[in-house]
Amino acid sequence: MKLIGVDIGGSHISAAQVILDNRHAEIANFNEADIDTYGNVESIISAWYEVIQRAKGDLIDVKIGIAMPGPYDYENGVSLIKDQGKMAALYKLSVKNLLAESLAVSPSQISFTNDAEAFLSGESYAGAGKEFQNSIGITLGTGLGSAIKVHEVVKDAKLWTAPFRDGIAEDYIGTGWFKNQAQNKYSLHISGAKDLLAEGFDPQISSELFTEFGRALGEFLFPYLIRLQAEGVILGGKISLAGDYYLPATKSYLETMGYPVPINVSELGEESALIGACLPFLNK
């Protein structure tokens, strides 16, 4: 059985051949592209098909695992995304059947997985989460992705809307918070956390923002770590790459609260979702 892992986002797709072997994974024939998902059904499916087909190459007997953001009917591969602009043309359609037809495979050869679940599953199988039985996976970027793992079961946690402070979690944990806080507190316009590390940016302001963010992350994680008896946290997404600047504050908060746990940054990067999306076939 040959596996093809696919990771689809609002404006990007990546796909590759995935080789899984005893908690080890290899990626081959990696392909990616930026996609305009504001178009019609035919243009979106055609663009996705091209990238998946390039990754598939001449392989015939394939299983295709696709990591996809929600809301989605993952079992049937039906899109429930309607209010985000992106992918709106696919609402209530069976993307599984549309892709199966274009790729000339059976729908049974395609599996859909929530992208946050795929991230945590991939890292738990072959990356930064291998040592944990119970863990929390968080992807930090424009939005806040989250999943939980209890033994062998991984589920989307949907924590982005969780009540937090005087709003929801995503108000404080993600790119939006950095932009808003820099503007409101320092009258600075930034595009995201990466700007705080740019040459010439005031290191004092950068340090204050990262420390504040790190504490908020710890405060947010704490009750879920307790509830799940989690042994560790795995971080992914663009903001995880700046972990050295804010994780000391996160860890300090958790230590103060009496629940210090390892916080590991993704080892697999963008490959984690490709790997995680293929694991349902391995489990079957």
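Contact, as used here, means heavy atoms within 4.5 Å. The model is predicted, so to speak plainly: local features need pLDDT of at least 70, side-chain atom pairs count only at pLDDT 80 or more, and totals for chains, interfaces and linings use all residues. Residues are numbered from 1 along each chain as its sequence is written, and side-chain values use heavy atoms, leaving out hydrogens and water.

**Exercise 1.** Find which residues of helix 2 are buried, and what they pack against.

*Solution.* Start with the element: helices (H or I, at least four residues) and strands (E, at least two) are DSSP runs, numbered from the N terminus. In helix 2 (residues 95-103), Val95, Lys96, Leu99, Ala100 and Leu103 are buried, that is, under 20% relative accessible area with a 1.4 Å probe, protein chains only. They lie on the same side of helix 2 because they cover an arc of only 130° around the axis, taken from the directions from the helix axis to the C-beta atoms. Next, look at their partners: helix 1 (41-56), strand 4 (62-68), strand 5 (72-73), strand 6 (78-79) and strand 7 (110-114). Finally, step just past helix 2, where Ala104 has a positive phi of about 60°.

**Exercise 2.** Work out the surroundings of Ser146 in strand 9.

*Solution.* First, place the residue: strand 9 spans residues 144-150. Then check exposure: Ser146 is buried, at a relative accessible area of 2%. Now list the neighbours; leaving aside residues up to four places away in sequence, Ser146 touches several residues, including Ala116, Gly137, Ile138 and Trp160.

Definitions and conventions: Buried means under 20% relative accessible area, exposed over 50%, partly exposed in between (1.4 Å probe, protein chains only).
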